[in-house]
Structure formats: C-alpha cells, structure tokens
Amino acid sequence: MKKSEKKDKVPKIEIVREPVPDNSASPNDGAVAPRNVSLPTTLPLHVLRNRPLFPRIMVPLTIQRDDAKEMVHEVVKDNRMIGLVLSRQADTPGDRVHDDIDDPSEALHHVGVVAEIAQIAQQSSQAPTQILVGIIERFEIVRFIKTKPHLVAEVKYHPDPDIEITEELKAYAVSIIQEIKELVQLNPLFKEELNMFLSRSNLNEPGRLADFAASMTTATAAELQEVLETFDIYTRIEKTVLLLKKEVSLSKVQAKINKQIEDKISTQQREFFLREQLKAIKKELGLSKEGKEAEIEKYTERLSSLKLTEEAKERIDEQIEKIKLIEPHSPEYTVCHNYLDWLTSLPWGVYTRDNFNLQQARRKLNADHYGLNDVKQRILEFLSVGILKGRISGSIICFVGPPGVGKTSLGHSIAHCVGRKFYRFSLGGMQDEAEIKGHRRTYIGAMPGKFIQAIKHCKTANPLIMLDEVDKIGASFRGDPASALLEVLDPEQNRDFLDHYIDVRFDLSNVLFLCTANQVDTIPSPLLDRMEVIHLAGYIREEKVRIAQDHLIPKQLKSHGLTKREVTIPTSTLNDIIDGYAREPGVRSLENNIRKVMRKSAMTIVRKPDTRIRLHKKDVREFLGKRVYSDKDPFSRRMIGVVTGLAWTSHGGEVLHVEATRVHSNKAGFKQTGQLGKVMVESSEIAYTFVRAFLDSDAGCREFFEKTLIHLHVPAGATPKDGPSAGITMACALYSLAIRKPLRLRCAMSGELSLTGLVMPVGGLKEKAIAAKRAKITTLIFPAENREDFEDLPSHIRKGLKPIFVNRFRDVVNACF
C-alpha cells in the first residue's frame, strides 16, 4: 500500500485555535485569570446537564446537538463568549436536556457562568464537537431575549467584591486548604490539580478558593448550584467547608473499603503463589502428581480392591483412556470425571457377611418390638431359609399396616439381625422415572437413580434397602416410577439392573428389599405380585400399655433429660391416656402425648428442682388438655333402626354406626346419606330390596314399605366410606325399623349380604376385632366362612370376645332379635 493511500484513511479533524489573551491562564494551567476586558450583557446560553461550573477554571465540553454546534461556531466567529447554565432537570435519567424548552425561566437555573471558548475540535459533521472553555465570571439571568434557534439572555454579572481579609476569613481559607490536602491524600487524582492551584493562588482570594474547593467535590448538582448562587463570600466559604468535610468522610469510607478489598486480594494472591510453589516443589521431589495423573492414580487405587465385571472393567478402561486425552478445562472433562468417580465408587463384588444366628435375631426382635408374634415368626422363617441356602435373597417383603405400628422400625431390626447396612428412602409422591433408573449423562446435573446412590452410600453390594410408602408412588408426564420398580424388585431381572447414568449392568439380586405401605389397593398389581405381603394390624390397649412402659417412656425420659425417679406414669394413667387421647391403631399419637407430658414435667422440675412427678388420672387433663375421645358412646343405648358395624380402613379397624328412619308418604322411597361410596350404595340398595322381600309375607310390613320413605344414614357425614362389608349391618337397621324393635343385645357385625340372603365372607377380621375391643363391644357377628380367620387371631385379641358366625340373614335375625 502506498503512503498516500494510508493518509487518505486517517479521519480529518478540524481544529480551530485562537490565541489565548495574555491576561488569562494557558489551557494547561487548569485555571483562568480575571479578565480586564468588559463582558457582554447578552449571551448565547448552553445548557449544562450534570453539574454547574465555577469561575477561574478551564474545562472541556462535548456538544451533541446540531443547534448547539451551530451556536458554538457562531460564537467562535464573534466574541467567543458563551453562557453556561445548569438545567433544573440535572441528575435525572437521560444524557441531555429535552430538545425544546418552552419556558426557560422554569427549566433553567438563573445563575450561571460566562466562559470563553479557547479551542474547538470536530472530527466530522456528524460527530460531537469538542470545546475547551475558560470560565470567567458568575452572572444572573435578567431576562430571556429569544429561544430560537438557541437561547439568548440578558445577564447581570456578580464579580467577587474586594473585601478586607479578616482573621475569620484566613481561618476559613486555612481550613479549606487543610481539608483539600486531606482529600488529596485519600484520593490522589486531585494532587496535580491542587499543586497547580496552590502555586497560583493565595489566602487573599477566599472566593476563588471556595469555588475551586467546591468544584473538587462529588456533591450533587443542587448542592454545587447552591454554592454558585451564593454571592456573599462568607456564606459561600461556609457552605464549601461543609461540602469538603462530607467529601473527606466519604473518601475515608471509600479508602477503608478499598483497603479491605486490597488486603483480601493480596492474601488470596499470596496463598495462590505459595500453593503454586508448593506444587512445583512436590513435583520436583516426586512427592505428588498434578491434575489428571493424580485423578487417574486415585481411580486405579480404588479399583485394586474391587472385583469388576467384564463390562464394567471395559467401560472404566475406556473412560480412563478418554480422560487422558481431554484437557482439564474442557466441559467434557468434567462429565467424564464425574462418571468415572461414580463407576469407581460403586462396591463391585464387595459384600458384608450375613449373620445367621437365629436365637440372636429372635432376641433382637423381641427387644425392639412387643407383640407382632406372627410377623416375627414370618421374619424368622425367612432367615431360616437364608441359613439353609447360605445367602438371603430372592424375596421382597412388604409390610402393610396403619401408621405407627412399627413397619420402618422392623426394617432396622432385620438389618441389625442379619448384619447388613441399612438404607431407607420414601417413594411417596415420586413421579419421575429418573429417580429410579437415573438420568442420562447428556443432561446437565445428571445423577444415578436412588438404588445406585444407596449402593454407593452403603459401600456394599448387599445392603438392606427399605422402600417406604410404596402405595403412594405417583405417575406423571416424566414417566411411571412404579413400572420402573418392576425391574428392580423382580428377582429374575435385577441381577442385570441397568441404570441410565451408570450405563453398566449392576447386580441387585443380593440386595434385601423391604417395602412398607398403608394399604395394598393403590399398589399396581404387577408390582404387588413380586412382593410377599405381611399385614401388621393395630395394637389393642394392653399391647399399647406394654409398648409405652418398655419402649416409649424410657425413650422420652432419655431424650428430655429426665429419670424414672423424677417422672412416673402408672398403668392406670396410661390406660386413661390411651382411651382418651390415643385410640388409633398405632402408637405414634401415644408417643406424642407422652412427649407432651415429659415437656411439661421438665418445665416443672426446672422451676422446682426437687419435685417428683407422679401422673395420676386426675392430672391427665391438666397435662394433655381436653379428651379427644369420649367414653360416652351416643349409640350405646339400644334404639330402633340403629345398628353397629365394623369397618376396615388404611388406618386400622373402625366402629361404624348405621341409622335408619322413616318418613310417612303415599309411595315407597329410599335414600342414603353419609358420603357413601359406589359399592356401599349398592350394598344399601341390596339390603333394602332383600328386607322388603324378606318381610313381604307380613301385611303390616308390606304396607309400611309401600307408604314410607326410608332414609339410611352412616355417621360421620364428612368421612368418605365404601366397601361391601356393611351389608348385614344396613339390612339389620332396615329390619329393626320395619318391625319397630331394637336389637336385643349390644353387638357389632360385619358381613356382605347377597340378594338371596347369603352372608358372604369379609376381610380385615383382626383389625375389626381390635376396633371392637377398643369400643368395649364383646359380642361380634361374622360370616361363617370367617371362622378360621377368627380362630387364627392371637389369643390376647380373642380373649373376652363372643363371636357369632352366621350363614344367612335369618341367622342374623335370630341372634339379634
């Protein structure tokens, strides 16, 4: 390229320079000396945006608007004098004043400064114009002469008067100079400007000193304009001193913050350099390896104690070779590093030895749980099979029962009996399949599923994993976790379990799985087929008393820092607490009430250290408040059309009352209330139809049904109810209403009724028997086909109960009426 071509590419800058008069300072001095020439009484005005300017200084300005540029060029051709006035919109968002000023007297401050344009420079017609102006004097706007094409105003000048320099003024001047020097020490940016000013000024010019000091501060535009508008030197210098003191305080805080930051950065840099030096020294001495070498050595050390499968060994070797080729700063390096970390952290071929001591297992189960003999027997049978096989695997046990009966604690006990690591997680509300089978590694933040996480946490390939709330697992657009569980819980498939993240088959066949649920109805059938269900019914009062005395009270005494001598709860008081506050099948509510007693006792003992508390029945209300369950049963009195039934719920057995009443009308009718489910509504209709047919031979009863609307209700109305087992209960209520006789004995019943009068078998017999004992009902009516179920109940549950087994509804009538 030729030199001429290079020159053409340089943008042209038009610079207009006029010689600066001898009686003014040069542009580089940063100050302007007083002019002896007369100043014009009319001035074109340029509006300042950010802050006002002060006399005797020289500053550069940037002109953006086209009309302002034209005005500047006209001024340069004329007398070079221009007025600079601050907008009242200063310090508001925007980079310049609005284009048109309708009322300049409202939009502009009335005090400004006159300046002489010393230099002007413009790169192009479209570029902003740069000017260097020397500020000469204050002025006050008398009136605006014109606003178009630019502002022109008549002005009145206010030069500083010649005043006598008093001791007070000298003191003010010295104070300003000291404050400025302190400010310069805190902020060295003003040092050169200050030295130049001090060399060209003295204490005999207090007005000029005040203006210069104010211009050095970072005060707001309003505060600076107030100084500019102060013509009295004494007042001006006072305001300037205040601004300087505020500026010094602000600079001190800023300097303190900067020092803290610098100290912190210096410490971090020092530590960084020391660490780097230490790394270099260790590397030279062969004491350590850095980066990828150390990581690969760590993985190799982990693998030395593992028994990898062929697939796992091949995948790990492949990833190690891959990580050797990737730079540590690459995103792929992090993904590969995390994947290798998971692969090498899994306990491939690492197992804990099972403990096959049956007597020890029996002692542990009896120590941890009272009652549940059938459940304990099933667990010991399961362990016995493991002893004969030499390994415990292949079966998935599911504990089903109401809350608080000890399902989760049984899992802890089994893990302790067999000597396995225990890991528990809840499936309740789980809706993402990836929680089971992991995320694919392509996703950000991908992780393995819960089962691989459990294996890594336990550091053994045969832990005991408990899946809580398996009946509350959900499904969503992310997948069906219940279907993903099929592979995990199937003994034929889980030996080759494939997690999406690990992407290598891991053997879960040696893992002992335990599940818990409140009911089996909501567990998917394919999943339920893979489990062996063990039902845990609720506890009767005698069992709860023993559990409280052997487990709950000692546990709560210890957790509250109390002793048996300090707090005592007799058996009679426990019975009263159970009857009045904790009738539910489990013992969780009972434990909460015991905890409340311990808290109140602890507060009493803190107030009076020598107090010994023995909780009597009369004190229970004071400690626990109003009774939740009343001893008075409104249905205990025999009434026409009222019969007591027994129902099973996911929280155990419940006593159910059925009421029937009649309304005289000219036609037959039947309706039901009480939030009955579809199956229960059908049972009530079957009962109504059967009883009408059963009593059709009686003319009086036939007329009763033909001219009566019968209303059947099942309290409590706010609780949903469903199921077929209340068939004979509703039929008995209708029969009692038709013949106008109450039952001859207080009893409770459960059984499904067919249209031909057969009493069909029902489930949940144990829970229903326990519910009857809690309600102090001894006579029970059950289907004849449930006789063996009742005889299989533990003796302490059957004790005191008088069962009546029936085949047909006529047998029910004979027993009750």
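At roughly what angle do the axes of helix H19 and helix H20 cross? The structure examined here is a predicted model, in which local features need pLDDT of at least 70 and side-chain atom pairs count only at pLDDT 80 or more, whereas totals for chains, interfaces and linings use all residues. Residues are numbered from 1 along each chain as its sequence is written, and side-chain values use heavy atoms, with hydrogens and water left out.

The axes of helix H19 (residues 541-559) and helix H20 (residues 571-581) come within 10 Å and cross at roughly 115°. Axes are lines fitted to C-alpha atoms, for helices over the stretch in contact, and angles run from 0 to 180 degrees between N-to-C directions; helices (H or I, at least four residues) and strands (E, at least two) are DSSP runs numbered from the N terminus. H19 and H20 are therefore roughly perpendicular to each other, given that angles under 35 degrees count as roughly parallel, over 145 as roughly antiparallel, 65 to 115 as roughly perpendicular and the rest as oblique. The crossing of these two helices is right-handed, a crossing being left-handed if the near helix is turned anticlockwise from the far one by less than a right angle, and right-handed if clockwise. On the side of H19 the contact (heavy atoms within 4.5 Å) is made by Arg-541, Lys-544, Val-545, Ala-548, Gln-549 and Ile-553, and on the side of H20 by Thr-571, Leu-574, Asn-575, Ile-578 and Asp-579. These residues comprise 5 nonpolar, 3 polar and 3 charged, where Ala, Val, Leu, Ile, Met, Phe, Trp, Tyr, Cys and Pro count as nonpolar, Asp, Glu, Lys and Arg as charged, and the others, Gly among them, as polar.

A second helix pair is formed by H9 (residues 292-303) and H10 (residues 310-325), whose axes come within 10 Å and cross at roughly 170°. This crossing angle makes H9 roughly antiparallel to H10. Lys-292, Ile-296 and Leu-303 of H9 meet Ile-316, Ile-320, Ile-323, Lys-324 and Leu-325 of H10, and the residues of this contact divide into 6 nonpolar, no polar and 2 charged.

An open sheet of 5 strands follows the order E9-E10-E13-E8-E14, with parallel pairing; two strands are taken to pair if DSSP finds at least two bridges between them. Strand E9 (422-426) and strand E14 (532-535) stand at the edges, each with a single partner strand, so one side of each is left without a neighbour in the sheet. On average, and with direction ignored, neighbouring strands of this sheet are turned by 20° against each other. Strand E8 (residues 397-400) pairs with E14 in the parallel sense over 4 bridges, and the bridge partner of Cys-398 in E14 is Val-533. Helix H13 (residues 373-389) lies across E8, strand E13 (512-517) and E14, and runs at about 150° to E14. Helix H16 (residues 450-458) also packs on the sheet, where it touches E9, strand E10 (464-468) and E13, its direction making about 150° with that of E9.

Helix H13 is also among the elements that cover the buried residues of helix H26, together with strands E17 (642-649), E18 (652-664) and E24 (779-783) and helices H27 (787-791) and H28 (795-798). H26 (residues 765-774) is mostly covered, with 9 of its 10 residues buried, where buried means under 20% relative accessible area, exposed over 50% and partly exposed in between (1.4 Å probe, protein chains only). The buried residues include Leu-765, Ile-770 and Arg-774. Just after H26, Lys-776 takes a positive phi of about 60°.

Positive phi values also occur in two loop residues. Glu-469, with phi near 55°, is placed in the loop between E10 and helix H17 (481-489) and is partly exposed, with a relative accessible area of 26%. Arg-740, which is not a glycine, has a positive phi of about 60°; this residue is located in the loop between helix H25 (727-739) and strand E21 (747-749) and, at 41% relative accessibility, counts as partly exposed.

Leu-45, found in strand E2 (residues 42-48), is buried, with a relative accessible area of 4%. Residues touched by Leu-45, not counting those up to four places away in sequence, include Met-71, Val-85, Phe-139, Phe-144 and Leu-151. A cis peptide bond, with omega about -5°, joins Lys-148 and Pro-149, and Pro-149 lies in the loop between strand E6 (129-146) and strand E7 (152-157).
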